[in-house]
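Me: Could you take a close look at one part of this model for me? I'd like to hear about the salt bridges and whatever surrounds them.

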Amino acid sequence: MTQDTVGKSNSSPAPVTEPADQRSIEQGSRLKKRIRTVLVIFMLICLWVSIRLPYEVESGIELLLNGPNRVNPQTLHLRGEFVESNLGPSVEPGGGVTVRMIAEQYLFVPQCVLVPTGVPIRIRITSADVVHKPTITETGDEIKAVPGYVVETHLRFARAGEYHMPCHEFCGPGHYTMRSRLIAVSPEQFQNLSREARVNCALR
């Protein structure tokens, strides 16, 4: 009986133990996966910093320079200062003219604006999508339009003429088509033109 017990005891399978090499290989594999995950997260953070951070810094600088002129790029056309009916030149009580414009890929709205000569011109512009930089070629004045903020600049045209205003900040494949015009006319001619003519540069 003792022999049978001993025999049975000898025939039972021994517990399977994982070899130390196999365990170390699996641990190494798990460690590699964790390292890969951390590297992917780190690369995504670096990508966000390289793309978004300059915009945030630039936007912050624009906010400091121009005050709390904030707008929502997604609702520009629906309400507020930049609704379609408010774009273009408008005469202020003091005799100056304020021009409101929107920059968006790949055009300026409106694309042509009439302004009078010899009076203060205030241009208020914002962007609906990315950073744009309309530049008045003949004068060298640059305006950086930043999404979410209203940027303002002041001009005065001494002589009548057509002033080209292309975008000098690369904003995508259609960047080369993005240009606008300011046409300066005499104050008398400007006064006799309708609002539609001032916005569309319809001199005739």
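Reply: Arginine 181 is partly exposed, since its relative accessible area is 31%. This is a predicted model, so read every value here as computed from predicted coordinates. The side chain of arginine 181 meets that of glutamate 162 in a salt bridge, at 3.4 Å from N to O. That pair links distant parts of the chain: arginine 181 sits in strand 10 (residues 179–185) and glutamate 162 in strand 9 (residues 161–166), 19 residues apart. Glutamate 162 is partly exposed as well, with a relative accessible area of 36%.

That bridge is one of six salt bridges in the structure. As background, side chains of opposite charge can pair when their charged atoms come close.

Now for the network. Salt bridges link Glu81, Glu92, Arg100, Arg122, Arg124 and Glu152. Take arginine 100 and glutamate 81, whose side chains form a salt bridge at 2.7 Å, N to O. Arginine 100 belongs to strand 2 (residues 97–104), while glutamate 81 is in the loop between helix 2 and strand 1 (88–91), so the bridge ties together parts 19 residues apart in sequence. What about cover? Arginine 100 has a relative accessible area of 11%, so it counts as buried, the cut-off being under 20%. Glutamate 81, at 22% relative accessibility, is partly exposed.

Elsewhere in the network, glutamate 92 and arginine 122 join their side chains in a salt bridge of 4.0 Å, N to O. Here the loop between strand 1 and strand 2 supplies glutamate 92 and strand 5 supplies arginine 122, so this pair ties together parts that are 30 residues apart in sequence. Both ends are partly exposed: glutamate 92 has 26% relative accessibility, and arginine 122 has a relative accessible area of 25%.

Arginine 122 also leads us to threonine 153, a residue of strand 8 (residues 151–155). Leaving out neighbours within four places in sequence, threonine 153 is in contact with Arg122, along with Ile121, Ile123 and Ile143. With a relative accessible area of 17%, threonine 153 is buried.

Back towards the first pair, look at threonine 117, in the loop between strand 4 and strand 5 (121–127). Not counting residues up to four places away in sequence, threonine 117 touches Phe157, Ala158, Arg159, Ala160, Ala184, Val185, Ser186 and Pro187. Threonine 117 is buried, at 11% relative accessible area. Strand 4 itself (residues 112–116) holds leucine 114, which counts as buried at 0% relative accessibility. Its C-alpha atom is 4.8 Å from that of isoleucine 183, although the two residues are 69 apart along the chain.

For the wider setting, the chain has four helices and 10 strands, ordered α-α-β-β-β-β-β-β-β-β-β-β-α-α along the sequence. Among contacts with a separation of 6 or more, 63% are between residues 24 or more positions apart. Of the chain's 204 residues, 35% count as buried.

Helix 2 (residues 20–66) is worth a glance too, with lysine 33 in it. Lys33 gathers with Arg30, Lys32, Arg34 and Arg36 in a surface patch of positive charge. Tryptophan 48 is also in helix 2. Together with Ile41, Ile45 and Val49, Trp48 forms a nonpolar surface patch with about 390 Å² of accessible area.

How values were computed:
Residues numbered from 1 in each chain as written. Predicted model: local features only at pLDDT ≥ 70, side-chain atom pairs only at ≥ 80, totals over all residues. Heavy atoms only, no water. Patch = residues over 30% accessible without salt bridge, like charges linked within 9 Å, V, L, I, M, F, W, Y side chains within 5 Å. Areas by Shrake-Rupley, 256 points an atom, 1.4 Å probe, with all protein chains shown as cover. Lys, Arg positive; Asp, Glu negative; His and termini not counted. Charge placed at Lys NZ, Arg CZ, Asp CG, Glu CD. Helix = DSSP H or I, 4+ residues; strand = E, 2+ residues; numbered from the N terminus. Buried < 20%, exposed > 50% of the residue type's maximum accessible area, 1.4 Å probe, protein only. Contact = heavy atoms within 4.5 Å.
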